[in-house]
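Visitor: Please take one part of this model and go through it closely. I would like to know where it sits and what lies around it.

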Amino acid sequence: GSSGAPAQIAATGSASIATNNFVIAASGLPPFTVGLFFYGPEQTQLASGLGNLCVVGNSQAPAVRLYPAVQAGILGSVARAVDFNDPNQSTGPGAILPGMTLNFQCYFRDNVSGVPTFNFSDAMSVLFCP
């Protein structure tokens, strides 16, 4: 998804809702930049900023941002736990429920030739289980 920095997304922990230890991470961001993870039910490839938007919502389920945003360290990595018990992830349009397949991506600020802009990591699809 990225045409600037080669940011890549990954996950650790379990995709089990009951276990509730799912962590999403992105590496390859510019050092000290802010990253914001988001997820949605659909995939696309839309040129945006310096990369490609790969994750979108649909008429039944919107794309959802995971707050708060996280700041990368000197190595350009960010990580954020996804709490399945948080009201934003357990109920309503942003609910993450067993049997759902959701796509995750990271948005971040980028700076090419001194011009501030934005970019995206690649995307990852996750099937959640009970």
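**A close look at T117 and its surroundings**

Guide: T117 has a relative accessibility of 18%, so it counts as buried (under 20% relative accessible area; over 50% is exposed and anything in between partly exposed, with a 1.4 Å probe and protein chains only). The model is predicted, so local features need pLDDT of at least 70 and side-chain atom pairs pLDDT 80 or more, while totals for chains, interfaces and linings use all residues. Residues are numbered from 1 along each chain as its sequence is written, and side-chain values use heavy atoms, without hydrogens and water.

T117 belongs to strand β10 (strands are DSSP runs of E, at least two residues, numbered from the N terminus). Leaving aside residues up to four places away in sequence, T117 touches G49, L50, R109 and D110, a contact being heavy atoms within 4.5 Å.

One of these neighbours, G49, leads to a hairpin. G49 is in the turn of the hairpin formed by β4 and β5, which has two residues between the strands, and its phi is positive, about 60 degrees. The two strands run antiparallel, with β4 covering residues 42-48, and five bridges join them; pairing requires at least two DSSP bridges. Within this pair, Q43 is opposite V55 of β5. Strand β5 spans residues 51-56, and five of its six residues are buried, so the rest of the structure largely encloses it.

Strand β10 (115-127) also contributes to the largest nonpolar core, as do β2 (23-27), β3 (34-40) and β9 (101-112); each gives two or more residues. The most comes from β9, with four residues. A core here is a set of buried Ala, Val, Leu, Ile, Met, Phe, Trp, Tyr and Cys residues joined through side-chain atoms within 4.5 Å. This one has 25 residues, of which F37, V78, I96, F104 and F128 touch the most other members. For I96, the contacts beyond four places in sequence are I17, Y39, V82, F84, Q89, L102 and F128. Another core lies apart from this one; it has five residues, including F38, L53, C54 and F120.

For contrast with buried T117, consider two exposed residues. I74 is in the loop between β7 (70-71) and β8 (78-81) and counts as exposed at 62% relative accessibility. F32 sits in the loop between β2 and β3 and is exposed as well, with a relative accessible area of 51%. Although F32 is not a glycine, its phi is positive, about 65 degrees. Most residues other than glycine have a negative phi.
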